[in-house]
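User: Could you take a close look at one part of this model for me, the cysteines and the helix packing around them? I would enjoy one connected walk through it, with the loops included.

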Amino acid sequence: MFLYQVAKAYQVQKTYQVQKNISGAKKCICLLPQEEREGFFMNERCRGGALLPIGVFLVLFLGMGILSGDFYSMPAVVGFLIALLAAFMQYPKETKFNEKLSVIAKGVGDENIITMCLVFLAAGGFSGAVTAAGGAESTVNFCLSVMPSSVAVVGLMVIGSFISLSMGTSMGTIGALSTIAVGISEKTGISMALCIGAVVCGAMFGDNLSMISDTTIAAVRTQGCEMKDKFKANFFIVLPAAIVSLILFGILTGGQTYTAQIGPYNIWQILPYVLVLVGALIGFNVFVVLIGGTLAACIVGVATGSMAVSDIFSAIGSGVTGMYDITVISIIVACIVSLVKHHGGINFILKFIHKRIHGQKGAKFGIAVLSLLVDMATANNTVAIVIAGPIAKEISEEYQIPPKTTASLLDIFTAVGQGMIPYGAQLLLAAEATGVAPFHIMPYLFYPMLMAVSALIYIFVKKERVIYGK
């Protein structure tokens, strides 16, 4: 029956050369009629009960957040460890404990998972070195110095975009610019919620595109595409949303001026960020780019007197340590997903989606909804991408969606959720820094809202080019 279905799929597309293996066969399933497509899953494990570990994590995480009033009261890594335990306890008669260890070892040993973890650590090392070299502070002060005071609030979003794009962190950007947003609000009378909303919009725009952002790294590695390809695809999807957001901020603030107290900056300290951005866009290997950026940051830091030679390794180590959580979480999630897939949970999701998806556009919309819902449940866009990534990859392969498009949709819709949920780290930080409730900031989060609109237009208007066997 299985060989018949494969042959049937190949017959539909005689003009295309498809890989002669099970993966290649799966890529053709989307060409089969609905009833035959569903029949494929009858030949593999397919059960909803295998998704229990993911449910355990969500119940624990959301439950603790609701009970304590703080969605970050329970470390995510603890929740995932408990979920992994639940996965090990499932179907003991069918799969022995030692066999499950072999399953997760293969899952964790996947090339994309190992590469993603190493890139996380390399990005952390670069971030630690460039911050110690004074790069972060110089970047903020430089941006303030070149931005006209007549477009103060618009400038907050533009500066936030550049800083977040350079540093790869929306949280760091919001922390750096929140005090400036407070100052602009106090001196101009512009709503505090509007000012900090512009900061959050800029931070989310830059973080979504940054080459060293953990979300970009996770999206690219789970889908197996190049960073430069994902950047180009993502950029043109979200650019209209960014432009309209800037126009709205400009209309609402009416050109009010603000005199900023700008600290000193050194152009040389900004250079490592520029090197990393340009190198990634050219297409250099990500490890070469990050290691080169780290070396440049160390040289600049020592040359400008911002960092002693003896502090180089401690600065890099501090940055690497800061990436431990997401690295460990990625490894544990890979273990959970491999067991869920082995027990038939991934096939259950795919079968569920197949019943409701009609064609490539429906598949892209399904990936978007999946990404958004997982982020709303976890309140962490990087974790959401790590969880949803393997499922999105399966869908994209079957419906021939280019990896760069899938990576973009994952990053975009998790950013949409993360930028708007009132219990997300970004809005909580913005609220704490300004004393404004998250719900008062949300109406001014134009960019996340428009980013969703822009991406949905792309999904239903853009027809992807189908390339078989790739």
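Analyst: Cys195 is buried, with a relative accessible area of 0%. Cys225 is buried too, at 10%. This is a predicted model, and with a disulfide taken as a pair of cysteine sulfur atoms within 2.5 Å, the count of disulfides comes to zero.

Let's move on to a loop. Ile190 sits between helix H10 (170-188) and helix H11 (192-209). Is Ile190 buried or exposed? Its relative accessible area is 7%, and a value under 20% counts as buried, so Ile190 is buried. Ile190 also leads us to another part of the chain: Val153 is 37 residues away from Ile190 in sequence, while their C-alpha atoms are 8.8 Å apart in space.

Val153 belongs to helix H9, where it is one of the residues that meet helix H13. H9 covers residues 152-167 and H13 covers residues 227-253; their axes lie 8 Å apart, at an angle of about 155°. Angles over 145 degrees count as roughly antiparallel, so that is the description that fits H9 against H13. The crossing of H9 past H13 is right-handed. On the H9 side, the contact is made by Val153, Val154, Met157, Val158 and Leu165. Facing them from H13 are Phe231, Ala242, Ser245, Leu246, Phe249, Gly250 and Thr253. Sorted by class, this contact of H9 with H13 holds nine nonpolar residues, three polar ones and no charged ones.

A second helix pair makes a good companion to that one. Helix H12 (residues 214-223) and H20 have axes that come within 9 Å of each other and cross at roughly 20°. Because an angle under 35 degrees counts as roughly parallel, H12 is roughly parallel to H20. Here too the crossing is right-handed, with H12 passing H20. H12 brings Asp214, Thr215, Ala218, Ala219, Thr222 and Gln223 to the contact. H20 answers with Asn381, Thr382, Ile385, Val386, Gly389, Ala392, Lys393 and Ser396. The class split for H12 with H20 is five nonpolar, seven polar and two charged residues.

H20 itself spans 381-398, and following the chain onward brings us to Gln400, in the loop between H20 and helix H21 (403-420). What is the phi of Gln400, given that it is not a glycine? It is positive, about 55°. As background, most residues other than glycine have a negative phi. Gln400 is buried as well, with a relative accessible area of 7%.

Tyr91 gives another case of a positive phi in a residue other than glycine, with a value near 45°. Its place is the loop between helix H5 (76-89) and helix H6 (97-108). With a relative accessible area of 25%, Tyr91 is partly exposed, whereas Gln400 is buried.

One last stop is helix H22, which runs over residues 425-434. Its buried residues include Ala425, Gln426 and Leu427, along with Ala430, Ala431 and Thr434. Just after H22 comes Gly435, whose phi is positive at about 75°.

Definitions and conventions:
Residues numbered from 1 in each chain as written. Predicted model: local features only at pLDDT ≥ 70, side-chain atom pairs only at ≥ 80, totals over all residues. Heavy atoms only, no water. Axes fitted to C-alpha atoms, helices over the stretch in contact; angles between N-to-C directions. Helix = DSSP H or I, 4+ residues; strand = E, 2+ residues; numbered from the N terminus. Parallel < 35°, antiparallel > 145°, perpendicular 65-115°, else oblique. Left-handed = near helix turned anticlockwise from the far one by under 90°. Contact = heavy atoms within 4.5 Å. Nonpolar A, V, L, I, M, F, W, Y, C, P; charged D, E, K, R; others polar. Buried < 20%, exposed > 50% of the residue type's maximum accessible area, 1.4 Å probe, protein only.
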